[in-house]
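Visitor: I am new to this structure and would like a close look at a single part. Please take the surroundings of the ligand and go on from there.

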Amino acid sequence: MQRIFSGVQPTGNLHLGNYLGAIRNWVRLQNEFECIFCMVDLHAITVWQDPKDLVKNTREVAAGMIAAGIDADKHIVFNQSMVPAHAQLAWVFNCVARIGWLNRMTQFKEKAGKHKENASVGLFAYPNLMSADILAYKATHVPVGEDQKQHLELARDTAQKFNSDYGIDFFPQPEPLIFGAATRVMSLRDGAKKMSKSDESDYSRINMTDDADTIALKVRKAKTDLFPMPDSLDGLEGRPEASNLIGIYAALSDKDKALVASQFAGRQFSEFKAELVDLAVAVLGPINTEMNRLMDDPSHIDAILKKGAERANAIAEPILKDVYDIVGFLRP
Ligand code: AQP
């Protein structure tokens, strides 16, 4: 069976973008693939995290995934730091990948901002750790949002260079799985920025922990323009906020965006927003309830993660050992 690896950073505020762009797709892939889902806590600390929050957020992401429908009995759910092979293989890849490759990564440029010299070395080397995440399991497929496509290309290049440096066909070329409509959910305050956990404004996103009233308030306050709803996608040109809200409605209802535009053609945004609230609450409400139930029992979540880490280790450790043999590390 083909194998998927994918991860979420436990950086708090798991949101609708993470759900529509990632977690919901993973739920749908569970029948076709052997899946490995990871709370990537090593990635999270590339930007400083409060240690107590990191623990809490790791459990919260696990709860969110399971509440959304990830089957942790059938598939592997764990946190990255519990499996040493990620960091160990990342070091090997630090020595395989080229600085020039990493210099081209747009996410580093965005996240480091103007003060690149002050960014952590980890933030720069982040893509090599991501390559290790995938290749430590010889994953064949990686579901990625638009924002991660470039990193996956780098993982493919790294796999290929490792194979050619050592003259062995060892790592597969992982294939991207890119999904439709909601691959990029934008901020509710600014249609040009992606919805993000780290956005300072809580009104920029719908969190998976938000209750119905909070969702309603955030959707009502979401930025729009003064024009009525268009009757086709052409009418969304230059209207990023309107386009985003229609995209969210389409993704939540599993409909085509053009169909949603025609459904609401000519109506006021206030009417559309009321229907969007109902839809968002209907989809997220049951997940929210289940997430809260799971988070009431942290020891249960910890037990799931521990078992997941054991299963992940059982796959990754032999692959790492082979890598160490290939590169010539003596293991007496
Ligand atoms: N706005 C988004 N729309 C669609 N998909 C998104 N993802 C993230 N934001 C959106 C997808 O969610 C998965 C997990 O993302 P991540 O936790 O690895 O980190 P990120 O991409 O950096 O997400 P955030 O929310 O913006 O976090 P911060 O603020 O901490 O950087 C990925 O598959 C991602 O594509």
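Guide: A residue counts as near a molecule if its C-beta atom, placed from the backbone, lies within 6 Å of it. The model is a predicted one. In this model 18 residues surround the ligand, and the closest are Gly-17, Gly-21, Gly-145, Ser-196 and Ser-198. By class, the shell around the ligand consists of ten polar, four nonpolar and four charged residues. Helix H1 is the element that gives the most to this shell, with four residues.

H1 also has a part in the contact between the two domains. The protein is divided into domain 1, which covers 3–183 + 297–327, and domain 2, which covers 210–293. Their C-alpha centres lie 30 Å apart. Eight residues from domain 1 and eight residues from domain 2 make up the contact. On the side of domain 1 that touches domain 2, helix H1 (16–29) and helix H3 (51–68) each supply at least two residues. H3 gives the most to that side, with four residues. The residues of that side of domain 1 are seven nonpolar, one polar and no charged.

From the contact we can turn to the core. In soluble globular proteins, nonpolar side chains tend to be buried together. Here the largest nonpolar core has 91 residues, and it draws at least three residues from each of domain 1 and domain 2. The residues with the most contacts inside this core are Ile-36, Phe-37, Ala-62, Met-65, Val-77 and Leu-89. Ala-62 touches Met-39, Val-77, Ile-301, Ile-304 and Leu-305, leaving aside residues up to four places away in sequence.

Val-77 leads to strand E3, residues 76–79. Ile-76 and Phe-78 point one way from this strand, while Val-77 and Asn-79 point the other way; all of them are buried. E3 pairs with strand E2 (residues 34–39) in the parallel sense, over four bridges. Within this pairing Ile-36 stands opposite Ile-76 of E3.

For a contrast with these buried residues, take Glu-290, which is in helix H12 (residues 269–295). Glu-290 counts as partly exposed because it has 16 C-beta neighbours inside 10 Å, whereas a buried residue has 20 or more. Glu-290 and Gly-247 are 43 residues apart in sequence, and their C-alpha atoms are 26 Å apart in space.

Conventions:
Residues are numbered from 1 along each chain as its sequence is written. This is a predicted model: local features need pLDDT of at least 70, side-chain atom pairs count only at pLDDT 80 or more; totals for chains, interfaces and linings use all residues. Domain bounds come from an automatic or database domain assignment. Two residues are in contact if their C-beta atoms, placed from the backbone, lie within 7 Å. Ala, Val, Leu, Ile, Met, Phe, Trp, Tyr, Cys and Pro count as nonpolar, Asp, Glu, Lys and Arg as charged, and the others, Gly among them, as polar. A residue is buried if 20 or more other C-beta atoms lie within 10 Å of its own, exposed if 12 or fewer, and partly exposed in between; C-beta atoms are placed from the backbone. Two strands pair if DSSP finds at least two bridges between them. A nonpolar core is a set of buried Ala, Val, Leu, Ile, Met, Phe, Trp, Tyr and Cys residues joined through C-beta atoms within 7 Å.
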